[in-house]
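Trainee: I would like a close look at a single part of this model. Please take one helix and go through how its sides are placed against the rest of the chain.

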Amino acid sequence: MIVCHCRNISDAELHSAIDWMRAADPETLITPGKVYRALGKAADCGGCVSLFLGTMRQNPNLEVPQLKPMHLRDSRGATQEPKTCKATAKSSTISTGRSAAS
Ligand code: FES
């Protein structure tokens, strides 16, 4: 099926471009502009946008896989276990040293 008539892009080409981009970079955001660029083309009239986006959304590789939050990764990207709070009951009663009269 032709998705973009101006640039003669089929749904198979669109899915191949998405699969290729996801394989090349698992964390990249895949946009219609990037798909056009990957196919060596550029949008013309824009009349295909809704069909283009609908076809893109059918591809299971469109979404970025869920990543661990940054605070759980070290500088090399490896994940760490969350650290537990070492606060004690004593540390929550910190005195400022000021009295109410001063
Ligand atoms: S139909 Fe896709 S840009 Fe015109």
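Mentor: What follows is an account of one helix, α1, and of the parts of the chain around it.

The model is a predicted one. The chain has 3 helices and 2 strands, and from the N terminus on they come in the order β-β-α-α-α. Of its 102 residues, 12% count as buried. Among the contacts with a separation of 6 or more, 48% are between residues 24 or more positions apart.

Now the helix itself. The 14 residues of α1 should span 20 Å at 1.5 Å a residue, and the end C-alpha atoms are 20 Å apart, so the two values agree. Its buried residues are Leu14, Ala17, Ile18 and Met21. Seen down the axis of α1, these fall within an arc of 95 degrees, and therefore line one face of the helix. Ala12 and Ala23, on the other side of α1, are exposed. The residue type alone does not settle the matter here: Ala17 is buried, whereas Ala12 and Ala23 are exposed.

What lies over the buried face? The cover of the buried residues of α1 includes β1, β2, α2 and α3. Ala17 gives a detail of this: leaving out residues up to four places away in sequence, Ala17 touches Val35, Ala38 and Leu39.

The buried face of α1 also belongs to a wider set. The largest nonpolar core has 11 residues in all: Val3, Cys4, Ile9, Leu14, Ala17, Ile18, Met21, Val35, Cys48, Phe52 and Met56. At least two residues of this core come from each of β1, α1 and α3, and α1 gives the most, with 4 residues.

The other helix with at least two residues in this core, α3, can be read in the same manner. In α3, which covers residues 49-57, Phe52, Thr55 and Met56 are buried. They lie on the same side of α3, because they cover an arc of only 100 degrees around the axis. The cover of these buried residues includes β1 (2-4), α1 (11-24) and α2 (32-38). Thus α1 is part of the cover of α3, and α3 is part of the cover of α1.

The face of α3 turned away from the buried side carries Ser50, Gly54 and Arg57, which are exposed. Gly54 counts as exposed because it has 12 C-beta neighbours inside 10 Å, the cut-off for exposed being 12 or fewer. Gly54 and Val3 are 51 residues apart in sequence, yet their C-alpha atoms are 9.7 Å apart.

Two loop positions complete the picture. Asn8 lies in the loop between β1 and β2 (9-10). Its phi is near 55 degrees, a positive value in a residue other than glycine. Asn8 counts as exposed because it has 11 C-beta neighbours inside 10 Å. Ala43 is in the loop between α2 and α3, and counts as partly exposed because it has 17 C-beta neighbours inside 10 Å. The C-alpha atoms of Ala43 and Arg7 are 7.2 Å apart, with the two positions 36 residues apart along the chain counted as their separation.

In short, α1 has one buried face, covered by elements including both strands and the two other helices, and supplies 4 residues to the largest nonpolar core.

Terms used. Residues numbered from 1 in each chain as written. Predicted model: local features only at pLDDT ≥ 70, side-chain atom pairs only at ≥ 80, totals over all residues. Buried ≥ 20, exposed ≤ 12 C-beta atoms within 10 Å, placed from the backbone. Arc of directions from axis to C-beta. Contact = placed C-beta atoms within 7 Å. Core = buried A, V, L, I, M, F, W, Y, C linked by C-beta atoms within 7 Å. Expected span 1.5 Å × (residues − 1).
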